[in-house]
Amino acid sequence: MLCSSFNISRLAIPAVCVLISFLAYTSLYFFKYFEPAPLREQEVWRINALALCIWVCYYRSCTVDPGRTPRHWRPLDSKQSEADRASGRQRWCRRCEAFKPPRAHHCKTCQRCIPKMDHHCPWTSNCVSHFTFPHFVRFLFWAVVGMCYLETLLFERASIVWASRNLPSYLGPSVVQLAHLFVLCVVNSLTVFMLLILLARTLYSLGVNTTTIESWEIERHATLLRRARHYGGYLEGPGGVRVRIRKQEFPYDIGIWSNIREGMGGSANVLSWFWPFARTPDRSTGLEYEVNGFEDANVSWPPPDPDRIPLPPKDFRDSIALAGAETSGYDVQAFNDRKAQDLRRQRAGVEIERRKRFHKRLQEDLEEDEPQQSDSDHEKESNYGEEGWRNSEGERLRDFGVDEDIEFYDEEDIPLGVLIQRRAQAALKELK
């Protein structure tokens, strides 16, 4: 199954190239020999110029390196790093064995942490990231513009054929030409419709400075807020930790103009946003991002999520200082009882889940108390708020190319040697 999906992904780029060639060049051949409306000179260079823009942008979307986290990179704010560790946020990637910058995610296809990862695009076989996003936007823009122009030319020829439908067949185009025109109209219309929707969504994300993954996280956060209202603002995490969930503003929306400028490589030159040969963003960028300041400086994104908090260590105290959240009511006895129960199950040969899904924990708690919800309510509750949570479009993080084992199930802490090294560096800075 994995082998077949891999082979299909290898055919994506050739399929896109065939589609571009078919629409751009066979349409020129059709227009040239279509007698009722022969090909005009301005149509020739316009189609070829638009096709060239599409080819250049698509080539750069496929071949430009999406970037990686430098091995020597360290968070500038040590307090923020400690707050991230306390809240269970995965700022250390055990696959890359390096710190993970803000907005970065580990791509399961590229096998590395990608700066400002939007998603792994199967049609370019490349990650849409801080460095490739401008090229991806230009590709969508020129593809839509080129296909919309081609649509007007095809509609003009199709209207001529329709107007002469009552004439004898020998006075009109041949059957082959009619079939060619029909296929061109159908393929171009469907393609431009899908790309227009994708371009609109991409431009919206550009305007509000959110990636596809961050849109998923924003919706997840809204779901947790709705659920937490029914439990006094708290949700239960692993080991009996009750995590306070409160509304947190998305920090990277810094205004429409600034959002677009940052997303298009940091350039304020509007013409360069559309220029297919525009430079790739500087490789020294993509590790730190400007924030809007709506939240406290110690609050980081994504917001606290009970399913992202690792199991508490043995020396876990009665409370933890969570960045952007609070915990209370940590029941040490309950945690020890669960460990003993897991040990008995392990001795009995029963497989233990590393972490129970939220809806299972909720259902068990409701069964212990007298449940006041109907079966339909339980079914509705179990559709969200778990490790396998899906957004309104039925998408999980893995659908965007993210390695979920790192995002949700990586319970390893920052290595002790790295922490000792960082503390030594901090001590040297204080002495200086």
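Let's start with how H5 crosses H6. In this predicted model, H5 passes H6 in a left-handed crossing. By class, that contact has 24 nonpolar residues, four polar and two charged. H5 covers residues 133-163, and H6 covers residues 175-208. The two helices pack at an angle of about 145 degrees. Their axes are 8 Å apart.

Now the core. Which residues have the most contacts inside the largest nonpolar core? They are Phe31 and Phe139. That core has 40 residues. Four elements give two or more residues to this core: H2, H3, H5 and H6. H5 gives the most, with 14 residues. As background, nonpolar side chains in soluble globular proteins tend to be buried together.

Next, empty space. A probe the size of a water molecule, rolled over the atoms, shows where such space is left. How many cavities of 30 Å³ or more does a search of the whole structure find? Five.

I'll take the second largest cavity. Its volume is about 140 Å³. Helix H2, residues 12-32, supplies at least two residues of the lining. So much for H2; helix H3, residues 41-63, and H5 each supply at least two as well.

Here are the names. The lining includes Ile20, Leu23 and Ala24. Ile47, Leu50, Ala51 and Ile54 also line this cavity. The rest of the lining is Gly146, Met147, Tyr149 and Leu150. By class, ten lining residues are nonpolar and one is polar. None is charged.

To recap on H5: H5 crosses H6 left-handed, gives the most residues to the largest nonpolar core, and helps line the second largest cavity.

Terms used
Residues numbered from 1 in each chain as written. Predicted model: local features only at pLDDT ≥ 70, side-chain atom pairs only at ≥ 80, totals over all residues. Heavy atoms only, no water. Axes fitted to C-alpha atoms, helices over the stretch in contact; angles between N-to-C directions. Left-handed = near helix turned anticlockwise from the far one by under 90°. Nonpolar A, V, L, I, M, F, W, Y, C, P; charged D, E, K, R; others polar. 1 Å grid on protein atoms, 1.4 Å probe; cavity = no way out; pocket = protein on both sides within 12 Å on 5 of 7 lines; lining within 4 Å. Points joined across faces, edges and corners; volume = space filled by probe spheres on them. Core = buried A, V, L, I, M, F, W, Y, C linked by side-chain atoms within 4.5 Å. Buried < 20%, exposed > 50% of the residue type's maximum accessible area, 1.4 Å probe, protein only.
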